[in-house]
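Thanks for coming, everyone. Please have a look at the sequence and the model before I start.

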Amino acid sequence: MTSLSPAARGRLADLIAGPVFTPGDDAYAVETAGFNLTLPHRPSLVVGATGPADVQHAVRFAADHDLAVAVHTTGHGAVVSADGSLMITTRRMSGVTVDAPGRSARVQGGVRWDQVIPAAAVHGLAGISGSSPQVGTVGFTLGGGLSPVFGRTRGFGADHVRAFDVVTADGQLRHVTADREPDLFWAARGGKGNFGVVTALEFGLFPISRLYGGGLFFTEAQVPAVLDVWRQWAPTVPENLSTSFCLLRLPGDPLILHVRIAFLGSAEEGAALVAPLRAAAPAFQDTVAEMPYTATATIHNDPTEPGAGIDRSAVLRDLPRQALDTLLSAPEDDLMMTEIRLLGGALQRPPAVPAAVGNRQDAAYCLFTASIPAPVPGDAERIREAQRRLLERMAPWSTGGAYANFQSTEDTGPAAVRAAFAPDSWDRLLDIKKYFDPANLFRINHNIRP
């Protein structure tokens, strides 16, 4: 912990419109708690920012006192410890404005997708959101923004950012667009929090009110037959159909296969496309039907309560039968949830406005595995080793790349961070980081080290 005098803390508190917390304050633990409880944080100082001015004062204070800056919105991703840092919490910056004629939204830095989705739906519009609407809009989008609904038709969320306001390491508030600060506009869209604190984000919306989606659930005995059909079927579907499957192994329960569907078309067309999966085996639960876009969280059914989670991921170029057999041979007790998500379509094409998001062209599938450790000594290490072995066994089909939003506490080394970007982008990212953050003030992340 960095020692700060009461006088220094008092001077900062006098400048900040929001609350300032230090260890020992009653609300400190609540303010610093995140959704993923694997990595608790003990920052030296916490600023509950209410707007850009609070962020500017906090960043300048951190620079003057040689403190790293950590940005905390929902805390879904456990990355690196924020111990000893100055933490800026953004939850009080919660404004959402929808420009229906312009098909765009402007959100403040602490907004979650469950605030954006209903606001846009009033106008028959939607943004490129992820499987969980509880995730922060800014972090999700600037980390790439891989949507299980829109991705194959529209690309990454970062591709549709129109502008953002960011406080850089010098304490300046910059309005960034493709024409104004083009290097920063490119780098932050994929480089996430390495370049400053984003206080507002503007991005495109798309006309949609309903889709055909949901899940097909199968028993353990049906898994091989259904996945063999899925493996051959998925590469043939049109770009407006997104799909993934999840192998779910809950302690004491048999294996369950959850196949996810999101089709941006009519229910009749969707039913015809999904027919081969339904014919592969009788699902014990079938929720695939027409739904409002506001119900898309029910497709994946991500956890809604905070907990400790350990995860790893990989990008795959192919999924032959041998890869599927390798996946199914993983010990059931070690891996609680393993997902394979179909990519392709617009996710593999270059965006209209270049962004730093990497691993596009060769990426056909994304593998993601997560488990909740039991509260007993050694269980977290057991899970990490099982996940490491899985990625090692799946390496023959991996591109060697990664997506920034799916990287975890195991992916913080320089080589792992670099794997999230195209080789020809890395040198440019380093140059931009050196220019905007030469002292590496923003390093509580998957760090691009200047």
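Is Asp286 buried, partly exposed or exposed? Asp286 is partly exposed, because its relative accessible area is 38%. Keep in mind that this is a predicted model.

Asp286 has a charged partner. Its side chain meets that of Arg278 in a salt bridge, at 2.7 Å from N to O. Arg278 is partly exposed as well, with a relative accessible area of 30%. A word on the principle: side chains of opposite charge can pair when their charged atoms come close.

How many salt bridges does a search of the whole structure find? The count is 24. I will walk through a few.

Next pair: Arg312 and Asp411. They form a salt bridge, and their closest N and O atoms are 3.4 Å apart. This pair links distant parts of the chain, with the two positions 99 residues apart. Arg312 sits in strand E17, residues 310–316. Asp411 sits in the loop between helix H12 (379–393) and helix H13 (414–418). Now the surroundings. Arg312 has 15% relative accessibility, so it counts as buried. Asp411 has a relative accessible area of 8%, so Asp411 is buried too. The cut-off for buried is under 20%.

Now into helix H12 itself. Where do Asp379 and Arg382 lie? Both are in helix H12, three residues apart, which is about one turn of the helix. They form a salt bridge, with the closest N and O atoms 2.8 Å apart. Asp379 is buried, at a relative accessible area of 10%. Arg382 is partly exposed, at 33% relative accessibility.

Some salt bridges share partners. Such bridges join Asp228, Arg231, Arg321 and Asp325 into one network.

On to the strands. One open sheet is made of four strands, in the order E1-E2-E4-E3, and its pairing is mixed. Which strands stand at the edges? They are strand E1 (20–21) and strand E3 (69–72). Each has a single partner strand, so one side of each is left without a neighbour in the sheet.

Look at E3 and its partner. E3 and strand E4, residues 86–89, run parallel and are joined by four bridges. One residue pair to find on screen: His72 has Thr89 in E4 as its bridge partner. In general, strands of a sheet pair through backbone hydrogen bonds, either parallel or antiparallel.

A helix packs on this sheet. It is helix H3, residues 52–64, and it touches strand E2 (45–48), E3 and E4. The direction of H3 makes about 170 degrees with that of E4.

Last topic: backbone angles. Two residues to pick out here. Arg103 has a phi near 50 degrees, a positive value in a residue other than glycine. Arg103 lies in the loop between strand E5 (96–99) and strand E6 (104–108). It is partly exposed, with a relative accessible area of 43%.

The other is Asn359. Asn359 is not a glycine, yet its phi is positive, at about 60 degrees. Where is Asn359 placed? It is in the loop between strand E18 (337–342) and strand E19 (365–371). Is Asn359 buried or exposed? Asn359 is buried, because its relative accessible area is 19% and the limit for buried is under 20%.

That is the tour. Over to you for questions.

Key: Residues numbered from 1 in each chain as written. Predicted model: local features only at pLDDT ≥ 70, side-chain atom pairs only at ≥ 80, totals over all residues. Heavy atoms only, no water. Buried < 20%, exposed > 50% of the residue type's maximum accessible area, 1.4 Å probe, protein only. Salt bridge = Lys/Arg side-chain N within 4 Å of Asp/Glu carboxyl O. Pairing = 2+ DSSP bridges. Contact = heavy atoms within 4.5 Å. Axes fitted to C-alpha atoms, helices over the stretch in contact; angles between N-to-C directions.
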